[in-house]
Amino acid sequence: MLPETVSRLPRLTAELPRLKLAQLPTPLEEARRLSEALGGPRILFKRDDLTGVALGGNKVRKLEFVIGRAVAEGADALVVCGGFQSNLARIAAAVGNRLGLEVVLVLGGEPGEPRLPVGNLLLDRLYGVTVHTIDTSPRWEFGTAVDDVAADLRRRGKRPFVVPLGGSGPEGMAGYVFATEELLAQLEELKLRPSRLYVAVGSGGTYSGLLLGALNQGAPYQVVGISVSRNREYLLEHIPLAAMAAAASLGLARWPSSAEICVDDRYIGAGYGVITEGCRNAISIVARTEGVLLDPVYSGKAMHGLIEHIQTSQISSDESIIFLHTGGWPALFAYDAAALGVGCSADE
């Protein structure tokens, strides 16, 4: 984090409870070989896969403020919900262990969806937290399961804090308002004014935080979201409302209207977590040009969107683009080799 003396966000810096968890600032790296392979534009990766806690990812920035609030309110337990391969759950489990908080995960998915201890779910088990796996259909409808877990903890004399889905409340968005300040300082040092910042959109908290950060700090770029789960109409309806509520809570002067939201939902494929051919190809090209791992759920689909926007001339070769890498690569180990397009010949 930048020193408070140069912060553009003095009220947030002074008033918002925060745990210092992440390794910051995360690098801003040129992706020269990827840019060359795509015929331009200039591409830089904001490496939020390197935030450092529990194999990193964007959820670390969110949880600095979400769990910061929980600790400030005297909580001694966390209740976290998400999918079977939830990155938020993985990182919250590790942070809870570090802080001595009891952690209960409520992980859901469609009936029949595999819930083997692989990828993030393997790490959840290694952390030794309590894990409840349930059927959720639609995927993000947990019914009373989360409230029931919190009520059970209270009956046992605990003080639980329920973490919002995706960590996407005002505190979670604050993580990416501050991340914007960090990024703008890096861009200023490089004398660079990128035209767009690309990021995956799931629950919408990271995207909303980046929008709030950009609007309130005069960022030169448009924040472009590639949806990995929800359709554009849903996001255009819900993101402005959530961002407006967060702006009011955080004391920010501006929030986005639906007209200022740029979200592309053409890369979801068959659904959340279902790998697409374009996602698979994006993971492969980034691994083979930059040695950087993307994940099949979030960053792979976001990169597919960026690549296709370049190939269809929605982005010109003389632009500069930021790709915010949200992490999540442990989920790679929940997919088999064939799904990822990786084969082995008989003599290997």
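Gly278, Cys279, Ala282, Ile283, Ile285 and Val286 of helix α10 meet Gly300, Lys301, Met303, His304 and Ile307 of helix α11, where contact stands for heavy atoms within 4.5 Å. Helices here (H or I, at least four residues) and strands (E, at least two) are DSSP runs, numbered from the N terminus. The axes of α10 (residues 277–290) and α11 (residues 299–311) come within 8 Å and cross at roughly 90 degrees. This makes α10 roughly perpendicular to α11; the classes are under 35 degrees for roughly parallel, over 145 for roughly antiparallel, 65 to 115 for roughly perpendicular, and oblique for the rest. Axes are lines fitted to C-alpha atoms, for helices over the stretch in contact, and angles run from 0 to 180 degrees between N-to-C directions.

A word on the basis of these values is in order. The model is predicted, with local features requiring pLDDT of at least 70 and side-chain atom pairs counted only at pLDDT 80 or more, while totals for chains, interfaces and linings use all residues. Residues are numbered from 1 along each chain as its sequence is written, and side-chain values use heavy atoms, with hydrogens and water left out.

We turn next to the sheets. One open sheet has four strands in the order β5-β4-β3-β6, with parallel pairing; two strands pair if DSSP finds at least two bridges between them. Its edge strands are β5 and β6, each of which pairs on one side only. From one strand to the next, the twist averages 20 degrees.

Within this sheet, strand β3 (residues 77–83) is joined to β4 by seven bridges, and the two run parallel. Leu78 has Val103 of β4 as its bridge partner. On the other side of β4, six bridges link this strand in the parallel sense to β5 (residues 130–135), and Gly108 is partnered by Ile134 of β5. Strand β4 (residues 102–109) is mostly covered, with seven of its eight residues buried; buried denotes under 20% relative accessible area, exposed over 50%, and partly exposed in between (1.4 Å probe, protein chains only).

Two crossovers share β4. β3, helix α4 (residues 87–99) and β4 make a right-handed β-α-β unit, and β4, helix α5 (residues 119–127) and β5 make a right-handed unit of this kind as well. A crossover is called right-handed if, with the strands pointing away from the viewer, the path from the first strand over the helix to the second runs clockwise. Helix α4 lies across β3 and β4 and runs at about 160 degrees to β3.

At the β6 edge, three bridges join β3 to β6, again in parallel, with Val79 partnered by Val162 of β6. Pro160 lies in β6 (residues 160–162). Is Pro160 buried or exposed? With a relative accessible area of 16%, Pro160 is buried. Leaving aside residues up to four places away in sequence, Pro160 touches Asp76, Ala77, Val79, Ala150, Leu153 and Arg154. Pro27, in contrast, is 133 residues from Pro160 in sequence and 35 Å away in space, C-alpha to C-alpha.

A further open sheet is built of six strands in the order β1-β2-β10-β7-β8-β9, and its pairing is mixed. β1 (28–30) and β9 (262–264) are the edge strands, each pairing on one side only. The twist averages 25 degrees from one strand to the next. At one edge, β1 and β2 (residues 42–47) run antiparallel and are joined by three bridges, with Leu28 opposite Lys46 of β2.

Strand β8 (residues 222–227) is mostly covered, five of its six residues being buried. Six bridges join β8 to β7 (residues 196–201), and these strands run parallel; the partner of Ala200 in β8 is Ile226. Three bridges join β8 to β9, also in parallel, and Val224 stands opposite Cys262 of β9. Right-handed β-α-β units are made by β7, helix α8 (residues 205–217) and β8, and by β8, helix α9 (residues 232–250) and β9.

Finally, helix α7 (residues 170–190) has 21 residues and spans 30 Å from its first C-alpha to its last, close to the 30 Å expected at 1.5 Å a residue; the expected span is 1.5 Å times one less than the number of residues. Because 16 of its 21 residues are buried, α7 is largely enclosed by the rest of the structure. Lys191 follows α7 and has a positive phi, near 55 degrees.
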